[in-house]
Structures are given as structure tokens and as C-alpha cells.
Amino acid sequence: MTIDVGVVGVGSMGRHHARVYHELPDVNLLGVADEDESTAAAVATEYDAEAASTAALLERVDAVSIAVPSRFHHEIGLRAIESGVHALVEKPMTPTVAEARSLVDAAAEAGVTLQVGHVERFNPAVIAVRDFVEDLDLVAVEARRLGPPVGDGRDVSNDVVFDLMIHDIDVIQSLVDGGVRTVAATGSPDREYVNASLQFDNDIVGSLTASRVSQRKVRELTLTATDCLVTVDYSDRAVWIDRRTRPTYLTDDGDLRYRSERVVERPTVDNGEPLKKELRAFVDAVRNRTTPVVTGEDGIDALSLATRIREAMQ
């Protein structure tokens, strides 16, 4: 069964959605729409699609990616849902929780699939950690997302919490059971650098830092457990597990010496582009009528915590 898809908004992120849809089997990239008609025409030509208005596109496709600035997500998402079109809405889902809830309720009533574009969930390194995180006795989680986005990828209408930190908010909430009891946050006056401290209901400690002013790009997540330290490098899609063996005591010429060995494990991490995994999962959910990996409720959870962090700075 071939799924006809479209992309609304083909700027720095949306054009990659168009590229991936063009590459996926059993998917027909029917068209793209953008307020800049020349951009839409160029992307359509590159990927053998049509340039069309949003209204015309929604009349013809089965599913659509919405990659416009987030202030338009609710309006266009609602139009898609009311047209009976399955929708993947890029992160952040909407500027407000109320708008996000409106989309979730509308999708449920219309019986269409709604997925939120938290692409780091599909990072092979995050997937590898998810396979064993339940076996860890977690103490703390820490995320650092530093440095300006690549190219012009930043949605300038969003501060660094909604632009960058929300990636790690979603990942951490997917890995840690339970809600967040307390939130504290500090940031620079322009909100280009923000640090948030969390306390989960199960007493796990969380720390998140996001910056658009750091000069070195860092995309890192660490999980501290009672018996190991797990480090995830989002960019390199790699995972390290540091373990310390039991200490031993040696006698050398009558002197007692202490020795402790450090063991580093490197779990196997599958290859693959996260965006391609994300869009394939979306299309599969549409085709098979199954629950998407990142649901609208997940999008609301991430948005709710991001909002609490933003408010804590005030």
C-alpha cells in the first residue's frame, strides 16, 4: 500500500522531510507547500514532487509533515486533521499546552494519526540505551545541548528551552518513569543559555543545560546509576558504559596498596539516520493504524515541562 504524503514548510528542516519521503519505499511524495513559492518550487523539482498551496495539498495526500514555524503548528495541524489527513507535527508541538491538547483531541475525534517530531527518540544511541535502561538503578540524568544549531535551523520565535532543550526533555521523560516533582531554572537575560534542575517523583535528579552561545557543539546525555555511568553522544550516535570493578589490595614489600580497575563497555549501536527512522515509523503507523512512537500526549508532556522550566526562570 503506497502512502501519498506532503510537506508543509520546506525550509531547513522541511526540505529534509521531503528528501526522506522521496527515498522511502512505498511512499509517494506528492507535493510540498511553502509561503515562499520559489523555495517550494525548487524543493518540488529536486524531489520529483509538485509545488502546491497548503489547501490543495491537504485535499490530495494521506499524510503530511508540518514543518512551519511553531506558531503556525496549531492552525495548520487542525486544518490537516479536519481534512482527514494524518499529521506529523514538528517539535515543539505548539507554543501552548492548550493548543497541543486541542490537536490531540481533534485527532482522536477524527480518527487520524498524530505524531510529534521529537527526532532524538529515533537516534540509534537513544534506542540502544532504551533496551537496557529498565535494568539500571538510576540516581541522576544529565543532558547538555550546547552550541548554535547547524545553519539556519533555529526557529527564532522560540527561546533556547523550546528550541533545543525540549529535545532532551522528551528523551529524559521517555527514559525515566514518573512525573517531575520540582523544577528550578536559571538563565541568561536573553535566554540563550539556560540550566534547569529537576527532581522526579521517584527521587531521580535531573539536570539539563541548553545554549545557543557556546562555541563548541555538545550533544550529550549521561545516566548515573548505582553501578555504572552511561554516556550517550547524540552526534556520534555512540554509547559508553563505565563500570568500576571491586577494589583489590596488593602487598608489595610489606606495603599494602589499593587497586581499582575501570571497565568501559561499548554496546552495539545500529546505523541509520534518525529522521529516516522517524518518518518510516510515522508512515508505518499510518499504514497499519497503530499508535505512533511519539504520540500527541508525549508532545504535551514535553511541552508542559518546557513551560514549567520557562516559568521557573521568571
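User: What does Gly111 do just after α5?
Analyst: Gly111 takes a positive phi of about 75 degrees there. Keep in mind that this is a predicted model, where local features need pLDDT of at least 70, side-chain atom pairs count only at pLDDT 80 or more, and totals for chains, interfaces and linings use all residues. Residues are numbered from 1 along each chain as its sequence is written, and side-chain values use heavy atoms, with hydrogens and water left out.

User: OK, which residues of α5 are buried?
Analyst: Ala100, Leu103, Val104, Ala106 and Ala107; buried means under 20% relative accessible area, exposed over 50%, with a 1.4 Å probe and protein chains only. They sit on the same side of α5, because their arc around the axis is only 165 degrees, taken from the directions from the helix axis to the C-beta atoms.

User: And which exposed residues are on the face turned away from that side?
Analyst: Ala98, Ala108 and Glu109.

User: What covers the buried residues of α5?
Analyst: The cover includes α4 (73-82), β6 (114-117) and α9.

User: How do α5 and α9 pack, then?
Analyst: Helix α5 (residues 97-110) meets helix α9 (residues 296-312) at an angle of about 175 degrees, and their axes are 10 Å apart. That is therefore roughly antiparallel, the word for angles over 145 degrees. On the α5 side the contact (heavy atoms within 4.5 Å) uses Val97, Ala100, Arg101 and Val104. On α9, the residues are Gly296, Glu297, Ile300, Leu303, Ser304 and Thr307.

Key:
Axes are lines fitted to C-alpha atoms, for helices over the stretch in contact, and angles run from 0 to 180 degrees between N-to-C directions. Helices (H or I, at least four residues) and strands (E, at least two) are DSSP runs, numbered from the N terminus. Angles under 35 degrees count as roughly parallel, over 145 as roughly antiparallel, 65 to 115 as roughly perpendicular and the rest as oblique.
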